[in-house]
Amino acid sequence: MKNLGNVGNTIEILQKYNFSFRKKFGQNFLIDGNILEKIVDAAQITETDCVLEIGPGIGTMTQYLAERAKSVVAVEIDANLIPILQDTLSPYNNVKIINQDILKVDINHIVEEQNGGKPIKIVANLPYYITTPIIMSLLENHVKLQSITIMVQKEVADRMQAGPGTKDYGALSLAVQYYTKPEIIAKVPASCFMPRPNVDSTVIRLTRYEQPPVEALDEEYLFAVIRASFNQRRKTLINGLSNAGNLGICKERAAAVLEQMGLPAQIRGEALTLEQFAEFSNYILQKKE
Ligand code: SAM
């Protein structure tokens with residue numbers, strides 16, 4: 001079977017199967033061997049690793065992963081791609097193809113079944129229309145993973161790395177930085193894909209912390225506070241949280257906690273660091289009647 005990391009072999013497979021790209025699935029296939037090598041290098045795949053690939057497409061990156069990993073599980077939503085994957089990945093006996101929506105798959109079950117419950121590595125050229133839900137669900141569902149190495153839209157990579165007081169800062173930044181250490185690996189031009197996307201892309205690696213950098217008494221509560229703060233971005237933190245209703249925070253309590261933390265009453269959520277969000281929600285929880 002031919003290596004798919006180039007234009008010629010990609011076109012040949014697409015024509016063989018008369019494949020039409022489906023925009024709604026965010027299909028932009030990689031056709032650049034150097035970028036593919038870079039992604040797989042950055043993921044630090046070794047022969048003891050079990051890798052989950054989200055959206056294998058025609059199997060281009062899957063081939064690179066299968067060469068290096070112990071096993072690869074590839075979850076693809078588009079049923080039209082399954083016969084193609086069975087063809088392009090036929091030389092490999094360490095690849096399992098699953099025809100499913102990644103947001104509906106029980107990934108921890110895959111980890112149990114395929115890797116005896118040991119943390120896996122996730123590698124993907126993600127479909128851009130659902131990048132944030134995929135990352136949030138991997139992190140918040142505590143999927144057992146060592147790292148996530150992914151191609152995303154440049155703006156999403158910027159949001160993952162953003163700090164307080166910037167327009168990019170939000171719930172995604174805080175979730176990524178609570179659970180993982182984000183590192184930009186490469187900027188990728190549109191010419192590396194077929195068809196070309198209308199946006200710039202970035203490869204980013206998120207390495208899971210053994211221990212989060214801040215201590216939260218209740219992670220779910222912390223993220224409920226964070227989400228409520230950014231849902232009403234233009235409001236003060238006090239108004240945003242007391243409007244939320246489901247957090248058990250009234251204006252007086254929020255004001256008292258901010259004062260205790262030495263923060264101004266008019267502060268907006270977007271100005272708080274991860275550490276301050278954790279401190280704030282811990283205070284509220286400790287003093288909840
Ligand atoms: N990995 C291939 C590559 O790099 O050439 C394809 C990447 S393409 C950007 C995204 C892939 O994800 C497509 O194959 C698309 O059909 C698939 N996809 C889209 N939504 C999905 C979902 N919810 N679950 C699983 N796969 C999905």
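Trainee: Taking a residue as near the ligand if one of its heavy atoms lies within 4 Å of it, how many residues surround the ligand here?
Mentor: There are 23 around the ligand, and Leu30, Gly55, Glu76, Asn125 and Tyr129 are the closest. Keep in mind that the model is predicted, so local features need pLDDT of at least 70 and side-chain atom pairs pLDDT 80 or more, while totals for chains, interfaces and linings use all residues. Numbering runs from 1 along each chain as its sequence is written, and side-chain values use heavy atoms, with hydrogens and water left out.

Trainee: What lies 2.9 Å from an oxygen atom of the ligand?
Mentor: A polar side-chain atom of glutamine 27 does, and so does one of asparagine 125. Both are polar contacts (N or O pairs within 3.5 Å).

Trainee: And which residue has a backbone atom by a ligand nitrogen?
Mentor: Isoleucine 77, where a backbone N or O atom lies 3.3 Å from a nitrogen atom of the ligand.

Trainee: How much of the ligand does the protein cover?
Mentor: The protein covers 99% of the 590 Å² of accessible area that the ligand has on its own (Shrake-Rupley, 1.4 Å probe).

Trainee: Which elements give two or more residues to that shell?
Mentor: Strand S1 (29–30) and strand S3 (71–76), with strands being DSSP E runs of at least two residues and helices H or I runs of at least four.

Trainee: Where does the ligand sit, in terms of cavities?
Mentor: The ligand takes the space of the largest cavity, going by more than half of its atoms lying within 2 Å of the grid points. A cavity is a set of points, on a 1 Å grid over the protein atoms alone, where a 1.4 Å probe fits but cannot get out; a pocket is an open set with protein on both sides within 12 Å along at least five of seven lines, and lining residues have an atom within 4 Å of a point.

Trainee: What lines the largest cavity?
Mentor: 28 residues do, with Gly55, Pro56, Gly57, Glu76 and Asn125 nearest its centre. S1, strand S2 (50–54), helix H3 (60–68) and S3 each give two or more residues to that lining.

Trainee: Switching topic, which residues line the second largest cavity?
Mentor: Gly26, Asn28, Asn125, Leu126, Tyr128, Phe193 and Pro197.

Trainee: And the largest pocket, which residues lie nearest its centre?
Mentor: Lys23, Gly26, Asn28, Pro197 and Asn198, out of 14 lining residues. Gly26, Asn28 and Pro197 also turn up in the lining of the second largest cavity.

Notes: A residue is near a molecule or strand if one of its heavy atoms lies within 4 Å of it. A polar contact is a pair of N or O atoms within 3.5 Å; within protein, one must be able to donate a hydrogen and the other to accept it, and residues adjacent in sequence count only if both atoms are side-chain atoms.
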